[in-house]
Every structure is written in C-alpha cells, then in structure tokens.
Protein chains: 2
Amino acid sequence: MAERLSAEARNQALSGLSGWTETPGREAIGKTFTFRDFNEAFGFMTRAALVAEKMDHHPEWKNVYKTVDVVLSTHDAGGVTALDIELAKAMNAIAR
Amino acid sequence: MAERLSAEARNQALSGLSGWTETPGREAIGKTFTFRDFNEAFGFMTRAALVAEKMDHHPEWKNVYKTVDVVLSTHDAGGVTALDIELAKAMNAIAR
C-alpha cells in the first residue's frame, strides 16, 4: 500500500507540480483546471479517468461547464501518497 | 430561450422524475446517482456528457468513485427550465 507522505515530502512534491496546492482543512491536494469549453473539459476528464482506472486510484472531481476542480488524497492511507502525486502529474500532462 | 418554470410546474415535473429533488438554497434540481464502481459511474457520465453537449445544456456534477452528484439549473433563465427536466429524464434513462 502507498504510504502517507510527510508534510515535507508533500511540499517538495507540490513544488514540482504546477497549479496544485494543499486543500484547506484536509490532507489532500487540489487543482482547478480551466479549459475552453465543455468538450475540452470532458475530454480531459475522459483521458484522466482511463489513467485513474488503470492506476486503481480515483479522483474526487467536480465539473461545471469548462472547469474541473480536482481533489486527490489516498483514503486508505489517510492523506497524500505517491499515488496522488503520480495522478496529479498525469493530469497536468493531459491538460498541457 | 427556455423559460424558468414556476414552482408549481417545477414540482409537477419533479413528481415524475424518480430521485430528483429541489436543491436547498438554490433554484435548481439535484440527484445523487450511485453505481457499482468507477467504471459504471464514469460510463454514465460519458453517456450523459454526449447528451448534454448535443442539447448545449450542461450539468454541474461531482464524481467520487462510484457516486455522481448532479445539479441542474439554467443559468440564463435564473432557475429550472424545460431543458433541466429533459436532461434529468435523459440521465435517469441512462442510469436505468
């Protein structure tokens, strides 16, 4: 099982993850992705869903038209793990 | 443009829409769909996204693993319109 990252390791990982920040009040990381329209936003979600399913690690996310709010944490570990960092990186790559 | 439904018309439409209720504090309707797993939940979202895009009327929705929380309202009309009722019906049909 993936181990919960220390605050130090979490911050170091976040420093290399454009746009991701700690989620206030939770041990989680989040990012709001903004696209041109719904087509592009849902296209992003579809590609990210395939990655998430393959990793067996899933996001919490909310979509309103062209924005997608994502929150990542690892429930079983009670915080942020390497799985969240990996999924965050993959999402950034897809959105690029 | 679709016209905002009166409270009476909204309630009548809701009575025929299994699982949909008024969203507290907003002029909107909502439903939480629960599936077996992420595959089924995201499959529902994908089918609903195609309907929404074709209607040019989009949901606010949040997905956490096997649940999808949907809120529908028509921004331009400041409330619930026939478009929301139509999309809600389509989502129920997809989830069935």
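Mentor: Two strands count as paired if DSSP finds at least two bridges between them. β3(B) and β4(B) pair in the antiparallel sense over five bridges, and they form a hairpin with two residues between them. The model is predicted, local features need pLDDT of at least 70 and side-chain atom pairs pLDDT 80 or more, while totals for chains, interfaces and linings use all residues. Residues are numbered from 1 along each chain as its sequence is written, chains are lettered from A and ligands numbered from 1 in the order in which they are written, and side-chain values use heavy atoms, with hydrogens and water left out.

Trainee: What makes residues 60-64 of chain A a strand, and to what is this strand joined in chain B?

Mentor: Strands are DSSP runs of E with at least two residues, and helices are runs of H or I with at least four, both numbered from the N terminus. Residues 60-64 of chain A are such a run, β3(A), and five bridges join β3(A) to β3(B), the two running antiparallel. Within this pairing N63(A) stands opposite W61(B), and V64(A) stands opposite E60(B).

Trainee: Which residue in the turn between β3(B) and β4(B) has a positive phi?

Mentor: That residue is Y65(B), with a phi of about 50°. Beside the turn, V64(B) has T67(B) of β4(B) as its bridge partner.

Trainee: What is the order of strands in the open sheet?

Mentor: The sheet has eight strands in the order β1(A)-β2(A)-β4(A)-β3(A)-β3(B)-β4(B)-β2(B)-β1(B), with antiparallel pairing. β1 (21-22) of chain A and β1 (21-22) of chain B stand at the edges with a single partner strand each, so one side of each has no neighbour in the sheet.

Trainee: Why do β1(B) and β2(B) count as paired?

Mentor: Two bridges join β1(B) to β2(B), residues 29-34, and the minimum is two, so the pair qualifies. In this antiparallel pair, E22(B) stands opposite I29(B). The hairpin has six residues between the strands, and G25(B) takes a positive phi near 80°. In chain A, β1(A) and β2(A) also pair over two bridges. E22(A) stands opposite I29(A) there, and G25(A) in the six-residue turn has a positive phi of about 80°.

Trainee: How many bridges join β2 to β4 in chain A, and how many in chain B?

Mentor: Six bridges join β2(A) to the antiparallel β4(A); in that pair D69(A) is the bridge partner of T32(A). β2(B) and β4(B), residues 67-72, pair over six bridges in the antiparallel sense, with G30(B) opposite V71(B).

Trainee: What makes helix α2 of chain A a helix packed on the sheet?

Mentor: Contact means heavy atoms within 4.5 Å. α2(A), residues 38-55, touches β2, β3 and β4 of chain A together with β3 of chain B. Its direction makes about 165° with that of β3(A), an angle taken between N-to-C directions on a scale from 0 to 180 degrees, with axes fitted to C-alpha atoms (for helices, over the stretch in contact). Helix α3(A), residues 82-95, lies across β2, β3 and β4 of chain A at about 10° to β2(A).

Trainee: How do you know that E22(A) and R10(A) form a salt bridge?

Mentor: The rule asks for a side-chain nitrogen of Lys or Arg within 4 Å of a carboxyl oxygen of Asp or Glu. The closest N and O atoms of E22(A) and R10(A) are 3.3 Å apart, so the pair meets the rule. E22(A) lies in β1(A) and R10(A) in helix α1(A), residues 7-15, so the pair ties together parts twelve residues apart in sequence. The whole structure has ten salt bridges over all chains.

Trainee: How many salt bridges cross the interface of chain B and chain A?

Mentor: Zero. Two residue pairs are in polar contact across the interface (N or O atoms within 3.5 Å; within protein one must be able to donate a hydrogen and the other to accept it, and residues adjacent in sequence count only if both atoms are side-chain atoms).

Trainee: What does the interface bury, and on which atoms?

Mentor: The two chains bury about 1400 Å² between them, 68% of it on carbon and sulfur atoms; buried area is the accessible area (1.4 Å probe) lost on putting the parts together, summed over both. F38(B), F42(B) and W61(B) supply 36% of the area that chain B buries against chain A, more than any other three residues.
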